[in-house]
Amino acid sequence: MAGGSVNVQTRDCEGDGAVCAAKDFADAAANRSAFEAGNDAASDKRELAIDLLKSLLVIERGPARQMGEVSKGEMALLGILLDEEGGLAPSDLSRRLSVSTSRIANTLNSLERKGFVERIPNPDDRRGIEVIITPAGARFAQDGFEQAVDGLEELLCALDDSEAAELVRITHRVEEMVVRRKGMES
C-alpha cells in the first residue's frame, strides 16, 4: 500500500447485527490506526493483522457462539468442569482460565443461578469449597460442544482436505504462541 491514509472497508454486511458491528469496529480501529501512523505506509504484517482481526471477530460470532444462554467464559468454565472427575477449587479455575478470582466468583454466581454448577465443601479442607458441574450443566456443556463442532465441521467441509488441515495446523501454532506469551495452560 502506498503512502497516505488507509481506508479499510468492510465486506458487505448482511444478517447478524453483531457481525456487522464487529466489522464496523475493526474498520474504525484500522482507520484510526492508519491515521495515527501519519503518511507512513502500514506494514504488510499490520495490514494482515487488521484483516485477521476482522475475520476473527466474524468467526467468533459463528458456530461456537450459538450458546446464547451462557457467555464464552461460562462455557469455558463448564468445559473444564466437564472433564473433571471431581470438583475444582475456584482458585484452580482461575489459574486454568487465566482470569482473576473475582471474575471466577461472578461466573460461578451466574452458573449457579442457572443450575449448571454447585459449590460444595472441600472434603480435604473444611475451609475450602469445590465447584462441581450439575447434570443439567453437563448436558448443556456437551450440547454446546456438539453444536460448535458441528458448525466448525460444516465450515471445514467447504475447504479441501489440505486447506482444512493447514488451517488447523496454523491455528494450533498461533494457539501455542498465545499460550507461551500469556503463560496460560492449553
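**Close-up views of salt bridges in a predicted model**

**View 1. Lys114 and Glu74 form a salt bridge.** In this predicted model, the closest N and O atoms of K114 and E74 are 2.9 Å apart. K114 lies in the loop between helix 5 (101–113) and strand 1 (117–122), whereas E74 belongs to helix 3 (residues 72–82), so the salt bridge ties together parts that are 40 residues apart in sequence. The surroundings of the two partners may also be described. K114 is partly exposed, its relative accessible area being 32%. E74, with a relative accessibility of 6%, is buried, because the term applies to values under 20%.

**View 2. The side chains of E112 and R119 meet in a salt bridge.** The N to O distance for this pair is 3.1 Å, which satisfies the limit of 4 Å used to assign a salt bridge. E112 has a relative accessibility of 34% and counts as partly exposed. R119 is likewise partly exposed, at a relative accessibility of 28%.

**View 3. A salt bridge joins the side chains of D125 and R127.** Here the distance from N to O is 3.6 Å. Is each partner buried, partly exposed or exposed? D125 is partly exposed, with 28% relative accessibility. R127 reaches 78% relative accessibility and therefore counts as exposed, since that class begins over 50%.

**Overview. The model contains 6 salt bridges in total.** Among them are the pair K114 and E74, the pair E112 and R119, and the pair D125 and R127.

Note on methods
Residues are numbered from 1 along each chain as its sequence is written. This is a predicted model: local features need pLDDT of at least 70, side-chain atom pairs count only at pLDDT 80 or more; totals for chains, interfaces and linings use all residues. Side-chain values use heavy atoms; hydrogens and water are left out. Helices (H or I, at least four residues) and strands (E, at least two) are DSSP runs, numbered from the N terminus. Buried means under 20% relative accessible area, exposed over 50%, partly exposed in between (1.4 Å probe, protein chains only).
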